[in-house]
Amino acid sequence: MIRTTAVPRTVRVGAAAMGVMGAFALSGCVASGADAASEGADSTDSTPSYADGTYTAEGSYATPESVETISVTVTLESDVITAVEVSGDPQARESQEYQAKFIGGISDAVVGQDIDEISVSRVAGSSLTSGGFNKAIEDIKSQASD
Amino acid sequence: MSPGPRSSWRFDAIGTMWEIEAPHALPDAARAVVRACIESFDAEWSRFRSDSLVSALGREAGSARAPSDAAAMLDLYAELASATDGAVNPLVGATLARRGYDAGYTFTDGGASAAPRAWRDILTWSAAEVALSESAIIDVGALGKGRLVDLVLDALTPWAPDDVVVDAGGDLAVRGGPQRIGLEHPYDPRRAIGIIEVTDAALCASATNRRAWGDGLHHVLDARTGEPVRTIAATWGVAPTAMVADAAATALFFEGGPRFAYERGVEWVRMTTDGRVEWSPGSKAELFT
């Protein structure tokens, strides 16, 4: 059973994986502890909290279009993670496909331009709100600052 | 052909500013037809007025004669709900009201509550009638304004058959064109993030910045949780009708939105709250990236 509290590097690795894969629930890792395969490792040195070996667990996370599963394999030696492998993710190709088919492109940065300096007939954004909505908001602001 | 000064008629209705632009001033008869069209739609669908059809139906459940737009709008709602896995739901009215976006504009947050997930068991419709099996508040906010823009555009045909813009505060339909539409930056209304040209089509926009009140609350809620969406800040959809453009602009706040847009042939742009911009395959929008 992998307990992240006692194995700091696991936390870091976990965070890195999340950064790459997007936010996902690691509950699968905990829940599948019983399934984890442990190989070799009858360690006799000192007093490691965990038996050396290779552990595998599955996790899942939701993407905008599906629930993806990944498999994380961790090798522990004397409470230190010596190898991590993230694999599986058979549905990832679908994600790529989803993006290619339904999303034309993504830009990391958009630069706003002054509306007065571009030639447009009109502007569309959030619905322009009428007096009623705006007045109600103003009333609340003034109540809040009384 | 030198374009003379165009006529612009502005008025306030259903909680937004309208502008109808045409080559010549619209006669009183045309204005009366537009007014009546909006009034009749509002009397049927507004959850903000107690005398509307949806308010009466919501109080007592039961059934009512179907407004002429019921099937078109609710059929599309069913598609939206399915595409977004229930994030869009026509019975989200009580959820919105509880968060403070209610008929009295109280903006008092009563907390998050999910809309009924099994809404299709509660709300049924046919060409003849609309029925609720239990008390619930119908909210057609995901596409209703678009539908009304389409109705107003149609109503104006006798007076403006080929050159008119109906703009309901950011949801607009263009007959003729092209119109160059600036895409308002959701965090700075003085700026635009790009331009879309619209010819004989509709463009609807949705953003979380203006219909917003305390504690990060705004009008785009996930019906499954009652929580406001956090990932997407603004969306724009271009489609043959404003109803479909409006529906896509709503769907694009959620998972499944790009697929819905693809299946409906909607061109779109959206901006995330961390400043990225995404666009549809084949988008012709000019973006300032």
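Which strand of chain B does strand β5 of chain A pair with, and over how many bridges? Keep that question in mind as you read these notes; point 7 comes back to it.

1. A word on the model first. What you see here is a predicted model, with two chains to look at in turn. Chain A has four helices and six strands. Following its sequence, you meet them in the pattern α-α-β-β-β-α-β-β-β-α. Of its 146 residues, 16% count as buried. Among contacts in chain A with a separation of 6 or more, 49% link residues 24 or more positions apart.

2. Now turn to chain B, where you can find eight helices and 18 strands. The radius of gyration of chain B is 19 Å, close to the 19 Å that the globule rule gives for 289 residues, so chain B is as compact as a globular protein of that length. Along the principal axes, its C-alpha atoms fill a box of roughly 60 × 45 × 35 Å. In chain B, 51% of the 289 residues count as buried. Residues 24 or more positions apart make up 61% of its contacts with a separation of 6 or more.

3. Next comes a sheet built from both chains. It is an open sheet of nine strands with antiparallel pairing, in the order β4(A)-β17(B)-β16(B)-β15(B)-β10(B)-β7(B)-β6(B)-β2(B)-β1(B). At the edges stand β4 (105-107) of chain A and β1 (7-13) of chain B; each has a single partner strand, so one side of each is left without a neighbour in the sheet. From one strand to the next, the twist averages 10 degrees. At the chain B edge, seven bridges join β1(B) to β2 (residues 16-22), and these two strands run antiparallel. To find the pair on screen, look for B:Ser8, which stands opposite B:Glu21 in β2(B).

4. Within this sheet, β7(B) deserves a closer look. Is β7(B) buried or exposed? Five of its five residues are buried, so this strand is largely enclosed by the rest of the structure. Both of its faces are covered, with B:Asp171, B:Ala173 and B:Arg175 buried on one side and B:Leu172 and B:Val174 buried on the other. Five bridges link β7(B) to strand β6 (residues 164-168) of chain B in the antiparallel sense, and B:Val164 has B:Arg175 as its bridge partner. These two strands form a hairpin with two residues between them, and B:Gly169 in the turn has a positive phi of about 60 degrees. β7(B) also pairs antiparallel with β10(B), over four bridges; there B:Ala173 stands opposite B:Ala202.

5. A helix comes next. α7(B) lies across β7 (171-175), β10 (201-207), β15 (232-239) and β16 (267-272) of chain B, and runs at about 30 degrees to β10(B). For α7 (residues 242-251), 10 of the 10 residues are buried, so the helix is largely enclosed by the rest of the structure. B:Ala245 and B:Ala248 of this helix are among its buried residues. Together with B:Leu203, they touch the most other members of the largest nonpolar core, which has 96 residues. Leaving aside residues up to four places away in sequence, B:Leu203 touches several residues, including B:Ala245, B:Trp236 and, from the other chain, A:Ala124.

6. Chain B has another sheet to explore. This open sheet of three strands has the order β3-β5-β4, with antiparallel pairing. β3 (62-65) and β4 (123-125) stand at the edges, each with a single partner strand, so one side of each is left without a neighbour in the sheet. Neighbouring strands here are turned by 15 degrees against each other on average, direction ignored. Helix α2 (residues 53-60) of chain B packs on the sheet, where it touches β3 and β5; its direction makes about 160 degrees with that of β3(B).

7. Finally, look at where the chains meet. The contact takes 54 residues from chain B and 36 residues from chain A. On the chain B side, elements that each supply at least two residues include β2, β9 (188-198) and α8 (257-263). The residues of that side divide into 25 nonpolar, 15 polar and 14 charged. As for the opening question, strand β5 (residues 113-114) of chain A pairs with β9(B) in the antiparallel sense, over two bridges. You can locate this pairing at A:Gln113, whose bridge partner in β9(B) is B:Ala192.

How values were computed. Residues are numbered from 1 along each chain as its sequence is written. Chains are lettered from A and ligands numbered from 1 in the order in which they are written. This is a predicted model: local features need pLDDT of at least 70, side-chain atom pairs count only at pLDDT 80 or more; totals for chains, interfaces and linings use all residues. A residue is buried if 20 or more other C-beta atoms lie within 10 Å of its own, exposed if 12 or fewer, and partly exposed in between; C-beta atoms are placed from the backbone. Two residues are in contact if their C-beta atoms, placed from the backbone, lie within 7 Å. The radius of gyration is taken over C-alpha atoms; the globule rule is 2.2 Å times the number of residues to the power 0.38. A nonpolar core is a set of buried Ala, Val, Leu, Ile, Met, Phe, Trp, Tyr and Cys residues joined through C-beta atoms within 7 Å. Two strands pair if DSSP finds at least two bridges between them. Axes are lines fitted to C-alpha atoms, for helices over the stretch in contact, and angles run from 0 to 180 degrees between N-to-C directions. Ala, Val, Leu, Ile, Met, Phe, Trp, Tyr, Cys and Pro count as nonpolar, Asp, Glu, Lys and Arg as charged, and the others, Gly among them, as polar.
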